[in-house]
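This report is written for a reader meeting the model for the first time. Please look over the sequence and the structure before reading on.

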Amino acid sequence: MLGDPQDWRHDPALIVLTAPDAEDASHVPVLIDATSLTGQVEHIVISIDYSPLPKVLIYHPGRAAPLLGFGVKYEIGSPLRASVAMADGSWRMGASFVDAAGGGCTAPAAAHARPN
């Protein structure tokens, strides 16, 4: 999803906030704050490791602040990762694990209760 970045590392200045336990897995609130990173943010790639659609979104802040909040649907517990492409070609990364056990699309389908 990110190509083949040569320079990437975890950066504690990148804030990835999620609820540790999803109360409603069909809408998990997320806040990504890259305003404390040193340098120009080109774009932010949000992904969820064990999701049927792992690439959640790509945000190009332009002249806006590299700060976004949104809700996402979870299927199972998994890390949500924010990968920030910097203007100098480097990447900064942060993550937060969400335990999405129950509710939303994590609820078993009604067909799973049938033995046949």
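The text below describes strand pairing, then a surface patch.

The model is predicted: local features need pLDDT of at least 70, side-chain atom pairs count only at pLDDT 80 or more, and totals for chains, interfaces and linings use all residues. Residues are numbered from 1 along each chain as its sequence is written, and side-chain values rest on heavy atoms, with hydrogens and water left out.

**Strand pairs**

Strands are DSSP runs (E, at least two residues) numbered from the N terminus, and two of them pair if DSSP finds at least two bridges between them. The table lists four such pairs.

| Strands | Sense | Bridges |
|---|---|---|
| β1 (residues 8–10) and β8 | parallel | 3 bridges |
| β7 (residues 78–86) and β8 | antiparallel | 8 bridges |
| β4 (residues 41–48) and β5 (residues 55–59) | antiparallel | 4 bridges |
| β2 and β3 (residues 28–33) | antiparallel | 4 bridges |

**Strand β8 and its partners**

Strand β8 covers residues 91–98, and 6 of its 8 residues are buried (under 20% relative accessible area, with a 1.4 Å probe and protein chains only), so the strand is largely enclosed by the rest of the structure. β8 pairs with β1 in the parallel sense, and H10 stands opposite M93 of β8. With β7, β8 pairs in the antiparallel sense; here W91 in β8 is the bridge partner of A85. β7 and β8 form a hairpin with 4 residues between the strands, in which G89 takes a positive phi near 95 degrees.

**The hairpin of β4 and β5**

A further hairpin is made by β4 and β5, with 6 residues between them. In this pair I44 stands opposite Y59 in β5.

**The open sheet**

An open sheet of 3 strands runs in the order β2-β3-β6, with antiparallel pairing. Its edge strands are β2 (15–18) and β6, each of which pairs on one side only. Neighbouring strands in this sheet are turned by 15 degrees against each other on average, direction ignored; the axes are lines fitted to C-alpha atoms. Between β2 and β3, T18 stands opposite V30.

**A nonpolar surface patch**

I15, L17, L31 and L67 form a nonpolar patch on the surface, with about 310 Å² of accessible area together. Patch residues have over 30% relative accessible area and no salt bridge, and nonpolar side chains (Val, Leu, Ile, Met, Phe, Trp, Tyr) are joined within 5 Å. A salt bridge is a side-chain nitrogen of Lys or Arg within 4 Å of a carboxyl oxygen of Asp or Glu. Accessible areas come from the Shrake-Rupley method with a 1.4 Å probe. L67 lies in strand β6 (residues 67–72). L67 is partly exposed (between 20% and 50%), with a relative accessible area of 40%.

Note on methods. Patches are made of residues with over 30% relative accessible area and no salt bridge: like charges are joined within 9 Å, nonpolar side chains (Val, Leu, Ile, Met, Phe, Trp, Tyr) within 5 Å. Axes are lines fitted to C-alpha atoms, for helices over the stretch in contact, and angles run from 0 to 180 degrees between N-to-C directions.
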